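Dear colleague,

Please find below the structure that I am handing over to you. My notes on what was found in it follow directly after.

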Amino acid sequence: LGRERSYSMVAFEMFCAQHHLTHAERRVLLGLVDGHRPADMADQHGVALSTVRTQVANLRAKLGASRIESLMQMVAGLPPLASLLGAATH
């Protein structure tokens, strides 16, 4: 079982779309938030570590983050699904 997320995947996808993240960047961002190391993600996806590092650098540039921790905080601050559903019903 994976860790329970405090944010919704709908909010995550909306966030990624808003910032024009590529599929690979979305996958790397999700991996970082889930606590995976760049080397592990490279192995898992069959790419070079330098590729993942480039994707992290692209994420930081697109999102204006100086550190990986800042990226993780941005995603952690996304609303949970319950608040999205509540907003839609009011």
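**Overall fold**

Read along the sequence, the chain runs α-α-α-α-α-α. It thus holds six helices and zero strands. Please bear in mind that this is a predicted model. Of the 90 residues of the chain, 30% count as buried. The accessible surface of the chain comes to about 5700 Å², and carbon and sulfur atoms account for 57% of that area. As for contacts between residues at least 6 apart in sequence, 62% of them join residues at least 24 apart.

**Helix α5 and its partners**

Helix α5 covers residues 68–76, and its buried residues are Ser70, Leu71 and Val75. These residues lie on the same side of α5, because they cover an arc of only 140° around the axis. The buried residues of α5 pack against three helices: α1 (9–18), α2 and α4 (49–63).

The pairing of α5 with α2 can be described in further detail. Two packed helices are described by the angle between their axes and the distance between the axes. For α2 and α5, the axes come within 9 Å and cross at roughly 90°. Angles of 65 to 115 degrees count as roughly perpendicular, and α2 and α5 are therefore roughly perpendicular to each other. On the α2 side, the residues that meet α5 are Leu29, Leu32 and Val33; on the α5 side, they are Ile68, Leu71, Met72 and Val75. By class, this contact has seven nonpolar residues, with no polar and no charged ones. Leu71 and Val75 thus appear both among the buried residues of α5 and in the contact with α2.

Met74 is also in helix α5. Its relative accessible area is 28%, so Met74 is partly exposed. Neighbours within four places in sequence left aside, Met74 is in contact with Phe15, Leu63 and Ala65. Of these partners, Leu63 is 11 residues from Met74 in sequence, and the C-alpha to C-alpha distance between the two is 8.9 Å.

**Glu25 and its surroundings**

Glu25 is found in helix α2, which spans residues 23–33. Is this charged residue buried or exposed? Buried means under 20% relative accessible area, and Glu25 counts as buried because its value is 4%. Leaving aside neighbours within four places in sequence, the residues in contact with Glu25 are His20, Gln55, Asn58, Leu59 and Lys62.

Two of these partners merit a separate description. Gln55 lies in helix α4. With a relative accessible area of 14%, Gln55 is buried as well. Besides Glu25, and with neighbours within four places in sequence again left aside, Gln55 is in contact with Ala24 and Val28.

His20, by contrast, lies in the loop between α1 and α2. It has a relative accessible area of 64% and is therefore exposed. The backbone of His20 also deserves a look: its phi is near 55°, a positive value in a residue other than glycine.

In summary, the two places to inspect in the viewer are the roughly perpendicular pair α2 and α5 and the surroundings of the buried Glu25.

With kind regards

Terms used: Residues numbered from 1 in each chain as written. Predicted model: local features only at pLDDT ≥ 70, side-chain atom pairs only at ≥ 80, totals over all residues. Heavy atoms only, no water. Helix = DSSP H or I, 4+ residues; strand = E, 2+ residues; numbered from the N terminus. Buried < 20%, exposed > 50% of the residue type's maximum accessible area, 1.4 Å probe, protein only. Contact = heavy atoms within 4.5 Å. Areas by Shrake-Rupley, 256 points an atom, 1.4 Å probe, with all protein chains shown as cover. Arc of directions from axis to C-beta. Axes fitted to C-alpha atoms, helices over the stretch in contact; angles between N-to-C directions. Parallel < 35°, antiparallel > 145°, perpendicular 65-115°, else oblique. Nonpolar A, V, L, I, M, F, W, Y, C, P; charged D, E, K, R; others polar.
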